[in-house]
Amino acid sequence: MPLLEITDMTVAYGRIEAVRGVSITVEEGELVTLIGANGAGKTTTMRAVSGIRPLSRGKIVFDGKDITRMKPHLRVLEGIVQAPEGRGIFPGMTVLENLEMGAYGRTFENKAVHDETLARVFELFPRLEDRTSQVGGTMSGGEQQMLAIGRALMARPRLMLLDEPSMGLAPMVIQQIFRIVSEINAQGTTVLLVEQNARQALSRSHRAYVLETGEVVRSGGGRELLADPSIKEAYLGVA
Ligand SMILES: Nc1ncnc2c1ncn2[C@@H]1O[C@H](COP(=O)(O)OP(=O)(O)O)[C@@H](O)[C@H]1O
Ligand SMILES: [Mg+2]
């Protein structure tokens with residue numbers, strides 16, 4: 001049984017169907033990437049999984065449970081945690097306060113679990129530990145992205161949704177972010193990633209789906225798609 005199973009999902013904004021009849025599965029432990037041009041429906045798909053956008057058709061099953069109509073905050077408690085497109089950190093709060101906001105839904109858990117999770121985030125992002133009292137909005141783009149991922153980790157996700165974490169970052173920082181995403185996955189967190197940076201994403205993904213104008217047009221192993229001539233031409237800037 002897959003950890004996440006999206007079946008025949010359609011998501012609309014008013015009368016416009018941004019995502020049409022999409023079926024995607026993510027197995028426990030996998031790193032799966034959605035690639036596709038601007039406007040293909042990647043963010044809409046992520047929003048449907050996190051519960052921010054309702055489905056007009058289809059269903060979403062997580063860990064065997066139908067969550068199609070479950071409220072977003074309850075999905076977080078199930079373990080579905082999104083680091084949204086554009087990072088969405090709280091700019092006026094400190095690094096530590098931002099991280100604590102991620103743990104907010106988990107306040108019922110004991111302090112030992114909380115401290116262990118925070119230690120893990122600081123291990124992945126030593127820079128955040130050096131800057132716990134810095135105000136989020138004054139950090140660089142790369143640091144803010146690290147904070148957004150760290151905040152999501154504080155909720156102890158079983159499935160982490162990452163929407164374009166490399167967007168707007170310098171090449172060296174992008175490398176760093178991708179390495180950390182791989183590491184988070186290797187440590188046991190299942191990841192559904194959206195990326196425009198298809199080469200990096202595919203090379204690190206177990207599997208990937210290609211979205212075109214709201215529909216899945218291809219899927220396969222990350223390296224398999226990376227080597228595919230039509231994918232190369234359309235998404236990797238190689239004629
Ligand atoms: N809030 C919205 N209202 C109306 N249309 C939207 C909204 N958000 C996205 N869309 C449209 O839905 C389609 C898919 O958008 P999106 O999921 O953001 O694509 P991607 O993340 O792949 O760039 C696009 O045509 C976009 O214009
Ligand atoms: Mg998007």
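Start by selecting Asp63, which has 16 C-beta neighbours inside 10 Å and so counts as partly exposed. Keep in mind as you click around that this is a predicted model. Asp63 sits in the loop between strand S4 (57-62) and strand S5 (65-66). Check its backbone too: phi is near 50 degrees, a positive value in a residue other than glycine.

Now jump to Arg156 for another positive phi, about 55 degrees, again in a residue that is not a glycine. You'll find Arg156 in the loop between helix H6 (141-154) and strand S7 (159-163). Is Arg156 buried or exposed? It is buried, because 20 other C-beta atoms lie within 10 Å, and 20 or more is what it takes to count as buried.

Next stop, the ligand. Select ligand 1 and show what surrounds it: Tyr13, Ile16, Ala18, Gly36, Asn38, Gly39, Ala40, Gly41, Lys42, Thr43 and Thr44. Which elements supply at least two residues each to this shell? They are strand S2 (16-26) and helix H1 (42-50). H1 gives the largest share, three residues. Colour the shell by class and you get four nonpolar, six polar and one charged residues.

From there, go to Met9, in strand S1 (residues 4-13). Met9 counts as buried because it has 24 C-beta neighbours inside 10 Å. Leaving out residues up to four places away in sequence, Met9 touches Val19, Val22, Ala48, Leu55, Arg57, Gly58 and Ile60. Add Glu215 to the selection as well: Met9 and Glu215 are 206 residues apart along the chain, yet their C-alpha atoms are separated by 9.7 Å.

Time to zoom out. Colour the protein by its two parts, domain 1 (1-78 + 157-234) and domain 2 (92-155). Their centres, taken over C-alpha atoms, are separated by 23 Å. Where the two meet, 13 residues of domain 1 are in contact with nine residues of domain 2. On the domain 1 side of that contact, helix H2 (72-78) and helix H7 (171-186) are the elements that give two or more residues. H7 has the largest share there, with five residues. By class, this side of domain 1 divides into 10 nonpolar, two polar and one charged.

Now for some helices. Select helix H3 (residues 95-103) and pick out its buried residues, Val95, Asn98, Leu99 and Gly102. Those four are on the same side of H3, because they cover an arc of only 95 degrees around the axis. The general background is that an α-helix has 3.6 residues a turn, so residues three or four places apart point the same way. Show the neighbours of H3 and you'll see what its buried residues pack against: helix H4 (111-124), helix H5 (126-130) and H6.

Finish on H4 itself. Put a distance between its end C-alpha atoms and you should get 20 Å, which agrees with the 20 Å that its 14 residues should span at 1.5 Å a residue. Which residues of H4 are buried? Select Thr117, Leu118 and Val121. They lie on the same side of H4, because their arc around the axis is only 100 degrees. Turn to the other side of H4 and you meet the exposed Ala112, Asp115, Glu116, Ala119 and Glu123. Covering the buried residues of H4 are, among others, H3, H5 and H6.

Note on methods. Residues numbered from 1 in each chain as written. Chains lettered and ligands numbered in written order. Predicted model: local features only at pLDDT ≥ 70, side-chain atom pairs only at ≥ 80, totals over all residues. Near = placed C-beta within 6 Å. Nonpolar A, V, L, I, M, F, W, Y, C, P; charged D, E, K, R; others polar. Buried ≥ 20, exposed ≤ 12 C-beta atoms within 10 Å, placed from the backbone. Arc of directions from axis to C-beta. Contact = placed C-beta atoms within 7 Å. Domains from an automatic or database assignment. Expected span 1.5 Å × (residues − 1).
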